[in-house]
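Please examine the sequence and the three-dimensional structure shown here. A series of questions and answers accompanies them.

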Amino acid sequence: MYLVGRYIYVSRLTTSQHKKLSKMFSVMVQNAKTGTMIETPEREVAVINQTFCDMFDIPGPPNQYVGMESNQLFLSHAPMLKDPARF
């Protein structure tokens, strides 16, 4: 029983630490002066920041693109991009 309780405690601690690190990473990316877009293995946008949107003239707040397939993001905005080949 002790081991089960210990496992649950450690798991919660790890989850708490993970949430804290995830929030810090998100704040860092959102405030970076470097355009950043991170994809999942399924090629969905996981993280995107305003600098990235500004670089390619992608309108609106970046959070609206999270979860979108990166190809769809490109195809839907290709006519508006400053330099589609660079994207």
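The questions below concern the core, a buried loop residue, a salt bridge, backbone angles and a surface patch.

Q: On what basis are the residues numbered, and what kind of model is this?
A: Residues are numbered from 1 along each chain as its sequence is written, and side-chain values use heavy atoms, with hydrogens and water left out. Local features need pLDDT of at least 70, side-chain atom pairs count only at pLDDT 80 or more, and totals for chains, interfaces and linings use all residues, since this is a predicted model.

Q: Which elements give two or more residues to the largest nonpolar core?
A: A nonpolar core is a set of buried Ala, Val, Leu, Ile, Met, Phe, Trp, Tyr and Cys residues joined through side-chain atoms within 4.5 Å. The largest one has 8 residues: Val45, Ile48, Phe52, Cys53, Phe56, Ile58, Tyr65 and Leu73. Helices (H or I, at least four residues) and strands (E, at least two) are DSSP runs, numbered from the N terminus. The elements that give two or more residues to this core are strand 2 (45-48) and helix 2 (50-55).

Q: Is Ile48 buried or exposed?
A: Ile48 belongs to strand 2. Its contacts (heavy atoms within 4.5 Å), leaving aside neighbours within four places in sequence, include Met37, Tyr65 and Leu73. Because the relative accessibility of Ile48 is 0%, and buried means under 20% relative accessible area, exposed over 50% and partly exposed in between (1.4 Å probe, protein chains only), Ile48 counts as buried.

Q: How many Å apart in space are Ile48 and Met37, C-alpha to C-alpha?
A: Met37 is among the residues that Ile48 touches. The two are 11 residues apart in sequence. In space, C-alpha to C-alpha, Ile48 and Met37 are separated by 4.3 Å.

Q: Which backbone atoms does the side chain of Asn49 reach?
A: Asn49 lies in the loop between strand 2 and helix 2, and at 0% relative accessibility it counts as buried. A polar contact is a pair of N or O atoms within 3.5 Å; within protein, one must be able to donate a hydrogen and the other to accept it, and residues adjacent in sequence count only if both atoms are side-chain atoms. The side chain of Asn49 reaches, at 2.9 Å, the backbone oxygen of Val29, and, at 3.0 Å, the backbone nitrogen of Thr36.

Q: Which side chains meet in a salt bridge?
A: A salt bridge is a side-chain nitrogen of Lys or Arg within 4 Å of a carboxyl oxygen of Asp or Glu, and the count by this rule is 1. Arg43 is partly exposed at 44% relative accessibility, and Glu39 is partly exposed at 32%. At 3.5 Å, N to O, the side chains that meet are those of Arg43 and Glu39.

Q: What is the phi of Asp57 near?
A: Most residues other than glycine have a negative phi. Arg43, in the loop between strand 1 (37-39) and strand 2, has a positive phi near 65°. Asp57 lies in the loop between helix 2 and helix 3 (70-77), and its phi, also positive, is near 55°.

Q: Which residues form a nonpolar patch on the surface?
A: Patches are made of residues with over 30% relative accessible area and no salt bridge: like charges are joined within 9 Å, nonpolar side chains (Val, Leu, Ile, Met, Phe, Trp, Tyr) within 5 Å. Met28, in helix 1 (residues 2-30), counts as exposed at 52% relative accessibility. With about 270 Å² of accessible area together (Shrake-Rupley method, 1.4 Å probe; for residues, only the protein chains shown count as cover), the patch is formed by Phe25, Met28 and Ile38.
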